[in-house]
Amino acid sequence: MKQKKKNGFFTFICSFLPGAAEMYMGFMKMGVSLMMVFFMSFMIPSVLRASDVFIGMAFIVWFYGFFHARNIAASDDETFALLQDKYIWEGILEDRNVSVSNETARKWIAGILIVVGCGILWNNCYYLLERLMPNMLWDILEPVLNMVPQIAAALLIIAIGLKMIRGKKEVLYAEQK
């Protein structure tokens, strides 16, 4: 399919659904892949019952899709003619080495994955306990169980802050020597 600029109003309307404006302009790979990423950002969390953890991802993908379409539509004819129909991740990851070799980055990614996994596990256990416990016992335990994620997040933030302070103290102590 030949890519070409189309009616600005319809391009604007289509840009509210990530990928639709790209497909309207003839960029099928780009549009379908962006639409797939957008809908997967809703589907995966709902399957994992982890919407609390991942819902922000859908907003990020929506904003990216909206402004991506607007930037393509607003490009001059010369730039538009040079655009290639690639899958959206090809354009994002182009000329980048995606391997994580830095040990600190690996630790942060591992920590984030552990926190996300704990959140998913907590949501599923909470759902299971709600179904299995008698109503009277659940009414007593529910307020306490609702506070567990906030308490865990607060403890994690405190631990990170303490680690940052300790690291800064070590750097200052090493500079004094």
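A disulfide here is a pair of cysteine sulfur atoms within 2.5 Å. With that cut-off I searched the whole structure, which is a predicted model, and the search returned 0 disulfides. I then looked up two cysteines one by one: Cys14 is partly exposed at 23% relative accessibility, and Cys125 is also listed as partly exposed, with a relative accessible area of 35%.

**Entry on confidence.** Before reading any detail I checked the pLDDT, and found a mean of 81 for the protein, with 88% of its residues at 70 or more. Among the elements, helix α2 (residues 20–24) has the highest mean pLDDT, 89, while helix α6 (residues 88–93) has the lowest, 71. I keep in mind that where pLDDT is low, the predicted coordinates should not be read in detail.

**Entry on the overall fold.** I counted the elements and noted 8 helices and 0 strands, so that the order from the N terminus reads α-α-α-α-α-α-α-α by the DSSP runs. Of the 177 residues, 21% count as buried, and the accessible surface comes to about 13000 Å², with 69% of it belonging to carbon and sulfur atoms. For contacts with a separation of 6 or more, I noted that 59% are between residues 24 or more positions apart.

**Entry on the core.** Which residues make up the largest nonpolar core? I listed 9 residues in all: Ala21, Met25, Phe27, Met30, Leu34, Ala69, Ile72, Phe80 and Ile88. The elements that give two or more residues to this core are α3 and α4 (51–74). I followed one member, Ile72, further: leaving aside neighbours within four places in sequence, Ile72 is in contact with Lys5, Glu22, Met25, Phe27, Met30, Phe80 and Leu83.

**Entry on Ser33.** Is Ser33 buried or exposed? Ser33, which lies in helix α3 (residues 28–48), has a relative accessible area of 1% and is therefore buried, the cut-off being under 20%. Beyond its neighbours within four places in sequence, Ser33 is in contact with Tyr87, Ile88 and Trp89, and Ile88 is also one of the residues of the largest nonpolar core.

**Entry on helix α7.** I compared the length of helix α7 (residues 103–132) with expectation: at 1.5 Å a residue its 30 residues should span 44 Å, and because the end C-alpha atoms are 43 Å apart, the two agree. In α7 I noted Val116, Gly119, Ile120, Asn123 and Tyr126 as buried. In general, an α-helix has 3.6 residues a turn, so residues three or four places apart point the same way.

**Entry on Asp77.** I last looked up Asp77, which lies in helix α5 (residues 77–82) and has a relative accessible area of 60%, so that Asp77 counts as exposed. Asp77 and Lys4 are 73 residues apart in sequence, yet their C-alpha atoms are 9.1 Å apart in space.

How values were computed
Residues numbered from 1 in each chain as written. Predicted model: local features only at pLDDT ≥ 70, side-chain atom pairs only at ≥ 80, totals over all residues. Heavy atoms only, no water. Helix = DSSP H or I, 4+ residues; strand = E, 2+ residues; numbered from the N terminus. Buried < 20%, exposed > 50% of the residue type's maximum accessible area, 1.4 Å probe, protein only. Contact = heavy atoms within 4.5 Å. pLDDT = per-residue confidence, 0-100. Areas by Shrake-Rupley, 256 points an atom, 1.4 Å probe, with all protein chains shown as cover. Core = buried A, V, L, I, M, F, W, Y, C linked by side-chain atoms within 4.5 Å. Expected span 1.5 Å × (residues − 1).
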